[in-house]
Amino acid sequence: MIEIVVIGGGAAGMMAAITAARQGGQVTLLEPNERLGKKLNITGKGRCNVTNDCDQETLMANIPGNGRFLYSALTRFTPQDAMAFFEGLGVPLKVERGNRVFPVSDRSFDISGALEREMRRLHVRWVRDRAREITVQDGHVTGVQGEKQHYPASAVVLATGGVSYPATGSTGDGYAMAAALGHTIVPPRGSLVPLESSDPDCAAMQGLSLRNVEATVLNGRNKPVFREFGEMLFTHFGVSGPLMLSASVHLRRWDKEQYRLVIDLKPALDEQKLDTRILRDIGENPNRDMGNILAGLVHRSMVPVLLRRLALPEGEKANSLTREQRRVLVQELKHFTVPLTGPRPVAEAIVTAGGVKVGEVVPNTMASKLTDGLYFAGEVLDVDAYTGGFNLQIAWATGYLAGLSAAER
């Protein structure tokens, strides 16, 4: 019976362990945390967006980070396979807006719990130990050296994750172990991460959540690199929320580009209709302060910012607004612009981009091209995707393929 050590008890690691054990492998899983699937349990705001029930074309379109490398893995283990896998483990699923798949219970612990139960059923041995080194002799894996002891193995699956959410155990250990065996590490950076701005207006509106707005990010040549409807949030450092996390995946050239965010606060109205609405509000309340008029158009915490941007005194009466000032107001409401200066630190990212260079990994087995018996799975690889269950689908698919390949040695 082949001895397999899986390093990392996250989504990809647990899937690799289960798949290898189902193929008859004798599997030991090393995870120093007191719980398995610690990061898995906080995904989707604790609901766990398991996968995305989409076709192959849509799936590939949502993976900007080395999607072509993942084609074999995602063909061998599709989103529909992932759904069948979890329902087979007794977790009923549901499909929501945007084909996002969640457990019916809305509890991520049901997903991690099902994986743990299946590992126990298959006699996967979980040891609470931190892996320090993958031991190799004559180019072949011989095992894993942990802090507590050495674990002999003829195959090792490295599934330690990235460096985002370090509190969940994502320490970057996997990068060091892979680099020690000659693998190139693409410098990790945040993907699905909040964005910073130098504009003090963001801090002035800290805590303000905008719903049903259209966000566009333009580069220095005024070319849109991202555009989407949804929700966002102003913070003390800049902007966050679902829209901004999605936008961050597209912003990969901070060293060469100057990005700016343009928010359409009234996407349901074109400029002419919005102007008509403002005229009507003024006509109905000509003696009211402009601050009160604006409060009928935007959230109150945005009013002082708009007044400042329009260069209007706080007590300015509505009927004194000139046509030019009204035009500027319409422009601000349709094109509220915020300069972006960079992403937040990678530790605050949901997903890490960067990691083990995929050109050094065999795409249809997840095997190392440099060390016989070494396989990779999940976020330790230089792969990343948009929000919507796509990153977890990558974890399931690469974990499945790595576990299968390790057991078939």
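Which residues does S246 touch, not counting residues up to four places away in sequence?

## S246 and its surroundings

S246 touches L192, F226, E228 and T387, once residues up to four places away in sequence are left out. The model in which these contacts occur is a predicted one.

S246 is part of helix α8, which covers residues 242–250. Is S246 buried or exposed? S246 is buried, because its relative accessibility is 7% and the cut-off for buried is under 20%.

## The second largest pocket

Helix α8 also has a part in the second largest pocket, which holds about 160 Å³ of space. The lining of this pocket consists of 15 residues. Nearest the pocket centre lie R189, G190, L251, W254 and P343. Two elements, β11 (185–191) and α8, each give two or more residues to the lining. Strand β11 provides the largest share, with 3 residues.

How many nonpolar, polar and charged residues does the lining of the second largest pocket have? Sorted by class, the lining has 9 nonpolar residues, 3 polar ones and 3 charged ones. Pockets of this kind are found with a probe. Rolling a probe the size of a water molecule over the atoms shows where empty space remains.

## The sheet β7-β8-β9

Strands β7, β8 and β9 form an open sheet of 3 strands, in that order, with antiparallel pairing. At the edges are β7 (131–137) and β9 (150–152), each of which pairs on one side only. From one strand to the next, the twist averages 25°.

Between β7 and β8 (residues 140–146), the antiparallel pairing runs over 6 bridges. One residue pair can be named here: E133 has Q145 in β8 as its bridge partner.

## The pair β16 and β17

Strand β16 spans residues 260–264 and pairs with β17 in the antiparallel sense, over 4 bridges. In this pairing, R260 stands opposite P339 of β17.

Where do the side chains of β17 (residues 336–339) point? The side chains alternate along the strand. F336 and V338 point to one face and are buried. T337 and P339 point to the other face and are not buried. P339, the residue opposite R260, therefore falls outside the buried class, which is set at under 20% relative accessible area.

Note on methods
Residues are numbered from 1 along each chain as its sequence is written. This is a predicted model: local features need pLDDT of at least 70, side-chain atom pairs count only at pLDDT 80 or more; totals for chains, interfaces and linings use all residues. Side-chain values use heavy atoms; hydrogens and water are left out. Buried means under 20% relative accessible area, exposed over 50%, partly exposed in between (1.4 Å probe, protein chains only). Contact means heavy atoms within 4.5 Å. Two strands pair if DSSP finds at least two bridges between them. Axes are lines fitted to C-alpha atoms, for helices over the stretch in contact, and angles run from 0 to 180 degrees between N-to-C directions. On a 1 Å grid over the protein atoms alone, a cavity is a set of points where a 1.4 Å probe fits but cannot get out, and a pocket is an open set with protein on both sides within 12 Å along at least five of seven lines; lining residues have an atom within 4 Å of a point. Grid points are joined across faces, edges and corners, and a volume is the space filled by probe spheres set on the points. Ala, Val, Leu, Ile, Met, Phe, Trp, Tyr, Cys and Pro count as nonpolar, Asp, Glu, Lys and Arg as charged, and the others, Gly among them, as polar.
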